[in-house]
Every structure is written in structure tokens, then in C-alpha cells.
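The two exercises below concern how pairs of helices pack against each other in a predicted model. Work through each task before reading its solution.

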Amino acid sequence: MPNMKELVKGTDRYRHYINGEWVDSTIKEWIEVENPATQAVIASVPKGGADDADRSLVAARAAQPGWEALPPAARGQLLKDLARLILENRERLARIVVAEQGKPIHEARGEIEGAALYLTYAAEEARRITGDIIPSDVPDEQIWIQRVAHGVVIGLTAWNYPAALMCRKMGPALLAGNTIVIKSHEGTPISALEIAQLSSQLDFPPGVINVVSGTGEGIGAALVRHPIPRLITLTGSVRAGKEIFRAAAEDLKLLRLELGGKAPFVVAEDADIGAAVRAAVLSRFENCGQICICNERMYVHRRVADEFLEKFTRAVKALKVGDPTTLVDVGPKFSGMELDKVERMVEMARSTGAEVLTGGRRLTEGEFARGHWYEPTVMTVTDNQMRIMQDEVFGPVVPVMTVGDFDEGLRLANESNYGLSAYVFTKDMRRVMRLVRELKFGEIYVNRPGGDAVHAHHAGIRDSGIGGEDGKYGLDAYFQKKTIYVNYA
Ligand code: NAD
């Protein structure tokens, strides 16, 4: 049987993982995977096509009834075993994530721990797959509602957390008795294939976990259009979410779409400024600003604006940018295209009135001669309709606007097509209570930096998507509810 990869001209060339085997694509084309910090090619993966999509889905369909027939605790045990193997391989996997994605090593270690946690959390739910028993209106009849699997699930993941996003989908999907085909982003496919390799050391029946590689418009679209899957779960861009929504309409597939964000960060006049500065820095510059819940735009009360901006700019200037294999604060942007986008957005903001307080340029000298680097950037703006206040930057750049009062901050925060997360710093409990109804976002962080809990619920509204992940509601999405009427007269 072929191995996971072979050495071709000095670099690893991976295969798809389908039906418990490492298989070549029927298309003889490969995608080169680049290290964002050095632009060195670190590996290549198959540029899969429709045939590969079909093979993986047929395998997943064949495996599904047997997988669902296992007791949930047995499925959960396998997920726990996989989580253990992931943790045993934490350092190796973290270094793969750094090499393919570019986040600093300490963050990558956290991502791998998070990946394992998604699996163990799902596994812990194995003994809580409950239903409802309902009295019938008819004598000698019993009604019950039982949760059963959908069948085959497709998981499409973004490049910013390739290992964690895979497990965030795989854990609950498999625990519920579905089988899965995972396709990671084409720029970050390696960690998913390596996790598939770890799963191959366990007793998962062949076809339960399948991992394929290729582009969104290639194998991704072929998976989505295929008649076998019942549920598609995407973490990615609004563009992809809308395309998939349209394609899935053809045969009414179920969708979970976890899309972009443009989180507002409101600082009231009664805020603890030191805490707000620390949270604003972390929530913007972690993973080089490439998190869907990142602080993307700030509204600071005029009475504290000078103090806040002075401390915030100082803290941003102190961030260490550099080689992500070392203990830096900020690594490279993920790709040249992403870097170009950030640069364009900053230039447009500047030309429409933004004042750059620090940063505002690419880094190209010395250790930054290769790779995709951008200086951590703070700017002030006065118009909430500027593109930099409305479009997702997904990079190390934050615009700050001064507001007259808390109500103005809330109003401007809500002026957005996005609705994923929001941040508010205030000590006034009456204001906190207002947020529940008045701030139109799915996840609100009060007096703390971002970071969602595995047992809570992560869900956006408007352009940020439909669906939601994590916790009991996230798990529930992977079940279909079936109602049984039994006449026992
Ligand atoms: P992307 O949409 O380009 O790609 C996401 C995945 O979808 C990839 O695997 C891609 O190959 C696939 N894909 C793209 N078009 C497709 C199509 N037409 N059919 C089938 N598959 C397709 O997104 P990205 O650039 O990888 O990710 C960045 C975005 O993800 C940002 O907007 C970010 O905010 C968002 N994101 C959201 C969350 C969340 O939980 N809401 C989490 C992380 C990232």
C-alpha cells in the first residue's frame, strides 16, 4: 500500500487519504505549499478533481451505516484516542502549522491543543445523545423523537487554523454518527493530512475519515455539487459561503457557514484603559490579525481617546515581528495575495483621510527580504463608511475612531454587514445588559480579549454566516431528528 507521501525532488509529495488508504489523485497535478515566512516550497499535495471527490464520498457513504451502528461511547473513545495522539505529536504538528500557515510557534502549540480539545469535548457528549418521549393523543400509541446522523458530511476549512478547524468539524460530525470528507484550504493542507495519518493508527473503520486536497473551485466545488453529502460545513470567506449556498440549493443540502467578521471594539469612558489596551492588542495582532473574531475597528470615547491612543500605539510599536519559529508576537501574513490586499486597504484608507499613527508599510529589508511581512499598524479615522471600517482586513491593521458617547459607539458598531463578534469595555452593568439586545453580534466579549470556549457557541449573523459551531448547539447541528410513532395495541 502506498505511504502518506513520497520524496520528489527533495520535497514531500502527499497523497489523498480515502477509505483508509493513501491514494494518488487521478489528476496528475500538484499544488506547491509555501512557507509564508520564507516562501520556500515545503511540500506538495494533489490538486484533486471530481473523480477524487467522488471516490472519497462513495467511501464515506459505504462506511457510514456501520459507524453509526457503533455505540456513541465507542465512537467517542476513538475521538479521545485521536486527541491523545494529536497531543503526543503536539510539537511536530505545531511546527507543521508554523511552516504552512506562519503563526508564531507558541500560538501553533495552542492551536494543536485546541484541535485535541474539540475532539475530547465531542467525545464527552457521547453519553448525552438524548431525545424526547411524547405522549400520543391516540390510545396505545407512543411517540418518540430520536437524534440520528445525517449521513455524509463535507468539511471545508480556512487557512488561518488548519488543524483546529478540521477537528472542530470532525469531532461533532463523527460523534453524531456521520462520516466525513475534509478538504483544507489549498495553502495549508499538510496538518490535516498528518492528523489523518494519526487516525490511521487507530481503529477507525476505513472511510469514516477522508482527507482530500485541492482548490475550492476544483475538488471543493465537486464535493459540494455531489449528490451524496447531506450536510456541508464551511469555515471561510463570505464569497465562498455564498457560492456554496447557491450550489447546495440544487438538492437542498444542509449548510453551516462560518464566515468572515469585522468585530467592533468599543471603549467607554469608564473602561479600565490598561485592560482595554492589552485586550485590543491581543485581539488584533494574534495570528497576524488573521482570526474571524479579531478586533477590526475601534470606537473610543472622546474623554479617554488621547490616553487610550497613546498607550495603545506604544504597545503596538513594542510588538516583535519576526521568524515565527521563535517567540515573536507577530509572524508573516499568510500569502502574497493577502499581503497585497492589506497594503491596498491601508493605501485607500490613507488616501481617503486616515492618519497612520504607527506602521502602514510592508517590511522588506533584512530578515524580511523573503516572506509576506507587514508592520503592525494603527490609524485614526473619522468616517465609519470608509472601506477600512466596513471590509474585513484580516491583517495587522486597526483603524480607531473617536466617539462622543457610548450610544454612538453602539450605533456605529452595528453599522456593518458582518455580525460575528464584538468587544466592549465598560464597568457599567446597565450598559452590559443593553448589549444583549442592542449589539447585533453573535458573540460579545465584555472587558476581556477574544477567545471562544469549546463548550459555548460560536455563531455569526448577517454576512458572518448561518449556523454556528461548538457546544451543545454546535453538536446538535450534526443530528437529524427522527420521529417514531408506535402503535402497540
Ligand atoms: P476561502 O473561502 O477562500 O476558503 C475556505 C475553504 O473553502 C477552502 O478550503 C477553499 O478551498 C474552499 N472553497 C472556496 N470556494 C469554494 C467553492 N466555491 N466550493 C467549495 N469550496 C470552496 O476562505 P479562506 O481565505 O481560507 O479563509 C478566510 C476567511 O475565513 C476569513 O473571512 C475569515 O474571517 C473566515 N473565518 C471564519 C471563521 C468563523 O468561525 N466564522 C473562522 C476562521 C476563518
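**Exercise 1: an oblique pair**

H1 and H7 are oblique to each other. Starting from the packing angle of H1 and H7, show how this description follows, and then describe the crossing and the contact of the two helices.

*Solution.* The helices concerned are H1, which covers residues 50-69, and H7, which covers residues 216-225, and they pack at an angle of about 45° with their axes 8 Å apart. Angles under 35 degrees count as roughly parallel, whereas 65 to 115 counts as roughly perpendicular, and the pair is therefore classed as oblique. As to handedness, H1 and H7 cross in a right-handed sense. On the H1 side the contact involves Ala 50, Asp 52, Ala 53, Ser 56 and Leu 57, which meet Ile 219, Ala 222 and Leu 223 of H7. Sorted by class, this contact has six nonpolar residues, one polar and one charged.

**Exercise 2: a second pair**

Determine which orientation class applies to H13 and H14, and state which residues make their contact.

*Solution.* Helix H13 (residues 406-414) packs with helix H14 (residues 429-438) at an angle of about 25°, and their axes lie 12 Å apart. Because angles under 35 degrees count as roughly parallel, H13 is roughly parallel to H14. The crossing of this pair, H13 with H14, is right-handed. H13 contributes Phe 406, Asp 407, Leu 410 and Asn 414 to the contact, while H14 contributes Arg 431, Arg 434, Leu 435 and Glu 438. Taken by class, the contact of H13 with H14 has four charged residues, three nonpolar and one polar.

Key:
Residues numbered from 1 in each chain as written. Predicted model: local features only at pLDDT ≥ 70, side-chain atom pairs only at ≥ 80, totals over all residues. Heavy atoms only, no water. Axes fitted to C-alpha atoms, helices over the stretch in contact; angles between N-to-C directions. Helix = DSSP H or I, 4+ residues; strand = E, 2+ residues; numbered from the N terminus. Parallel < 35°, antiparallel > 145°, perpendicular 65-115°, else oblique. Left-handed = near helix turned anticlockwise from the far one by under 90°. Contact = heavy atoms within 4.5 Å. Nonpolar A, V, L, I, M, F, W, Y, C, P; charged D, E, K, R; others polar.
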